[in-house]
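Open the model in your viewer and keep the selection panel at hand. The stops below go from a helix pair to a chain interface and then to two loops.

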Amino acid sequence: MAIYVILALDVLNGISSLFLLCLGLAIIFGMMKIINLAHGEFIMLGAYATVISANAGVNIWIAMLIVAPLFVGIVGLVIERCLIRFLYGRLVDSMLATWGLSLLIIGIITTIYGNTQQGVPTPLGGFSIGSYQSSYYTLFLAFMAAVMMAIIYGVMRYTRFGLVARATMQNPAMAATLGVNPARVYMSTFALGAAVTGLAGGLLAPVSGITPVMGGAYVAKAFMTVVGGGAAILSGTLSAASLFGSVNQVGAYFTTPVYGEVIVFTTAIVLIRLLPQGISGRFFKGNL
Amino acid sequence: MTLSRRRFLQRSAIATSTLIAAPAVFRSGALAAENPITVGSLHDQSGPIGTSGTPMVYALQLAVEEINAAGGLLGRPLKVMHYDTQSNIQLYSQYAQQLAVKDKVDVVHGGITSASREAIRPTFDRFKVLYFYNTLYEGGVCDRNTFCTGTTPAQTVEKLVPSAMKKAGKKAYIIAADYNYGQITAKWMTKYCKDNGGEILSTDFFPLDVTNFGSTISKIQAAKPDLILSALVGGNHTAFYRQWTAAGMKGKIPIASTTFGLVNEPSTLDAAESDAIIGAYGYFEELTTPASKSFVEKIKKAHPDSPYISELASCTYEGVMLWAEGVKKAGSIDRMKVIEALESGLVFDGPSGKVSLDKPTHHTVRNAFLAEVKDRKWSVLETYTDAKPADTASVCDLVKNPNDVKQYIINL
């Protein structure tokens, strides 16, 4: 019996980490149609910000929850001003530019901190269910995923900023006619997406292998989840993350980790074949 | 002066021959003065494998400096021709050609991953350039032009598995990276576990980009092994040790690994995550023999921020020194003469102790060490002297088949 509880926790862990990893990308790609291939490097920057500030004596919770998103948010802001703002509506160009950007970020971090592992201890301990062990950190990740979902929903649905942002994404010309400055909205949306991604990097830092090239392991799955989720930022990402996260964990448990990966990618192919607009293109139309 | 056709031809001929001859004249003049023996070096100093390659380059430079300080070889100084291969196999092929054809070096030391070695080994066979591969690997290379000075699984896994089983118990669970190194090492782990009366509960392989080990940790708990044998590779896989500790499993089931700590995991991971992990290699920076201490001291003095000095560095140093002994003994840098001298059972006392070259396999008989991580450092538990490359010896005999140039897959 206990093993099923543990397995359920694994699934919860898979879903919540995937959701956290994808949320920032969903904001940037889903709302702004910028394919940010440097997404993995934003995660890496968040992880580095956490590790470096924590090792410099900053409280680990502050490092994860405040330093990481703040730092990556500012980086995102600078990148938007210097690079991304010239590329709105130019899908292929934005891919090329952000890919170059990802290589640049990897190069800078490698030059400064070297090509080695960085580490920060995991806060919180483990607990046992029957004869099995699991970690409180799993529950904390799930809690943070829920909190992030609530915050993004609240901001997008109930604040003036959210309303203006959604309007601008839908029809920038009309929004501009009504007195909104689209450039400014784009800028803050991009920075918001970057900050959310940085937070994900910070939250995953204690349970990941942190190297300058770690982003590569996340970027494919993040894109797959966002595309599989479709246009709705929250409901789409959540449903796709739930699907892929649980398929991966259950698949890996009952077969091998190799097949776990194969099953996820097969699921993604079938999903896109059946629902070309993503899950939210069919089931949660018009939702956030 | 009128310029007749005949005179024009005459003068042109003289001028042309002078121009053509000039470099030869100059070069022979330069040769008399300097005439260094050239040592090619192909190591990754950047990219994902850069951390492994950097100390290897330091060790190679140290060996060459020491030989030069002692008057060089055959009265000639050594000169290093180094290329940073940037963790890129294509650059390995390209620079290997360059070393062989353009630089015409007398020996090449280098290659880190098995893939990089197999990319350049045929080039050096074709152009008849002596080649040293100084990295631990899965074994089986059988090539008279190539010397492999690193350890193979028979030398380390053979010691690691029984010692770990003695400490922990007979039921083991193997987790390994999903490419040739992990696959082959897992086979060796299985063999040595069974040979010692143990049982393998399960073997799981992980693609190199797996980052979430939650379900594996649950699976391991369900299988209830006494011991985990790990051949996980790379930064992403380090996450396993983190998530293992986060789940509170640390200390409940011991871990023994053939890969952990080869680069610098003990010093970068938190002590709580790495303590009590057991490893076996051909060398540890923490060895307290005088030769080892002075080796580490010299590298740290020249390069204070050097990454962990592992078997990779000590084998490179010993590889260069063994080659130098071979040249001294042969009294020549002729490739065949040096190979024959190296095959005569040469011995060098290096940082890891006595290293000798095994004639039939072109591998080394060397010491192996068992160590445990304690407070972010390796603490050496046991020394096994004269470990033989028994795995490669089971398939390779260059005395009988001197024309072999392949890597055998060792079937177990």
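At what angle do helix α2 (residues 39-55) of chain A and helix α3 (residues 60-82) of chain A pack? Select both: the angle is about 135 degrees, and the axes lie 8 Å apart. Axes are lines fitted to C-alpha atoms, for helices over the stretch in contact, with angles from 0 to 180 degrees between N-to-C directions. α2(A) is therefore oblique to α3(A) (not under 35, over 145 or 65 to 115 degrees).

This is a predicted model, in which local features need pLDDT of at least 70 and side-chain atom pairs pLDDT 80 or more, while totals for chains, interfaces and linings use all residues. Residues are numbered from 1 along each chain as its sequence is written, and chains are lettered from A and ligands numbered from 1 in the order written.

Next, show the residues of the helix contact (C-beta atoms, placed from the backbone, within 7 Å). Among them are A:F42, A:L45 and A:A49 of α2(A) and A:M64, A:V67 and A:F71 of α3(A).

Now select the contact between the chains, with 38 residues from chain B and 37 residues from chain A. On the side of chain B, α7(B) gives the most, with seven residues.

Go to A:K33, in the loop between α1 (2-32) and α2 of chain A. Its phi is near 55 degrees, a positive value in a residue other than glycine. A:K33 is exposed, with 12 other C-beta atoms within 10 Å (exposed means 12 or fewer).

Finish at B:D375, between β14 (364-374) and β15 (377-387) of chain B. Phi of B:D375 is near 50 degrees, again positive in a non-glycine residue. B:D375 counts as exposed, with 9 C-beta neighbours inside 10 Å.

Technical notes. Helices (H or I, at least four residues) and strands (E, at least two) are DSSP runs, numbered from the N terminus. Two residues are in contact if their C-beta atoms, placed from the backbone, lie within 7 Å. A residue is buried if 20 or more other C-beta atoms lie within 10 Å of its own, exposed if 12 or fewer, and partly exposed in between; C-beta atoms are placed from the backbone.
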